[in-house]
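Visitor: Please give me a close look at the cysteines here, starting from whether they are paired or unpaired. After that, I would welcome a short tour of the surroundings.

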Amino acid sequence: KRKSAQRVPVVAAGTFGGSLDEMAEFVKKMSKCVDAVVVLTNQIVGKDEDDTVLLKNLQALADLTANIPLGLYECPVPYPRHLSPGIIRWAASSGRFFFHKDTECKMEALEAKIKAVQSIGSTPFQFFNADIATLKFSLDKGASGFSGIAANVYPWLIVWLCEHHRDNEEMATLVQNFLGTAEALVSWKYPACVKLYHQQGGGDIDLHCRIALFSFEDVNRIALTQLRSLMKTTCEKVGIVPVSL
């Protein structure tokens, strides 16, 4: 938060198992250095427990953390816990949860959840899609934006799509097609491959990351170079200038 100098809001996960009391204490600690604390949905309830328990635990955590702004993330590891439209609607109307990062990757589910938020009317709650393949679809339905790994690679293209997904259907589809196709390479050996991508572009960055170091062959480096070329071509077609690290 200090590093951002309030240029952008900073959020961080604050639930990593343990009792609700333990998670609440960690949320309080995290809140001192971020603008909002993210609740991992697979940590707040047991794998086989139903939505009744989930809702009870979310309410309890909200009660234990005073007025700290909270968010939700359907973290897929170690297993996904997707939220129902009913839970999303409750969170959006609670006054305690302000955003959701969705990883269900299904058009029908995305539309139902977005409609659940819209049914409330006025709410500060924002719905972010983490799946790049369905990004334009979700934006067209009313999603607030994107929160996924591709934002670490070429955020300017994602920003353009979020702002212009309805302005020019042809160009918006072109950008969506690039983003969706490129995701297979971006997510391969992630996050090290993204660091290598930026390193190749002149960024002062090494390949150390939270996951064990990967090895890269020449063919991998060539593929990332080709990805950069396609990215630049896409940017040229929509009239934006890519940023270098």
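Guide: Happy to. A residue is buried under 20% relative accessible area, exposed over 50% and partly exposed in between, using a 1.4 Å probe and protein chains only. The model is predicted, with local features needing pLDDT of at least 70 and side-chain atom pairs pLDDT 80 or more, while totals for chains, interfaces and linings use all residues. Numbering starts from 1 along each chain as its sequence is written, and side-chain values use heavy atoms, without hydrogens or water.

Cys105, at 40% relative accessibility, is partly exposed. Its sulfur is too far from any other cysteine sulfur for a bond, because even the closest one, in Cys75, is 13 Å away. Cys209 is in no disulfide either, with the sulfur of Cys193 as its nearest, at 9.2 Å. Unlike the partly exposed Cys105, Cys209 is buried, at 11% relative accessibility. With a disulfide taken as two cysteine sulfur atoms within 2.5 Å, the count is 0.

From Cys105, step back to Thr103, in the loop between strand S4 and helix H4 (107–118). Helices (H or I, at least four residues) and strands (E, at least two) are DSSP runs, numbered from the N terminus. Thr103 is buried, at 14% relative accessibility. A polar atom of the Thr103 side chain sits 2.6 Å from the backbone oxygen of Glu74. Beyond residues up to four places away in sequence, Thr103 touches Tyr73, Glu74, His82 and Ala130 (contact means heavy atoms within 4.5 Å).

Tyr73 also leads us to the largest pocket: with Lys101, Ser147, Gly148 and Ile149, it is among the residues nearest the pocket centre, out of 33 that line it. A pocket is an open set of points on a 1 Å grid over the protein atoms alone, where a 1.4 Å probe fits, with protein on both sides within 12 Å along at least five of seven lines; lining residues have an atom within 4 Å of a point. S4 (97–102) gives at least two lining residues, as do S1 (11–13), S2 (36–40) and S5 (126–129). The largest share, 4 residues, comes from S4.

Last stop: Val238, in helix H9 (residues 218–238). Val238 is buried, at 15% relative accessibility. Setting aside neighbours within four places in sequence, Val238 contacts Leu157, Trp160, Met171 and Val175. The C-alpha atoms of Val238 and Asn168 are 9.7 Å apart, although 70 residues separate them along the chain.

Note on methods. A polar contact is a pair of N or O atoms within 3.5 Å; within protein, one must be able to donate a hydrogen and the other to accept it, and residues adjacent in sequence count only if both atoms are side-chain atoms.
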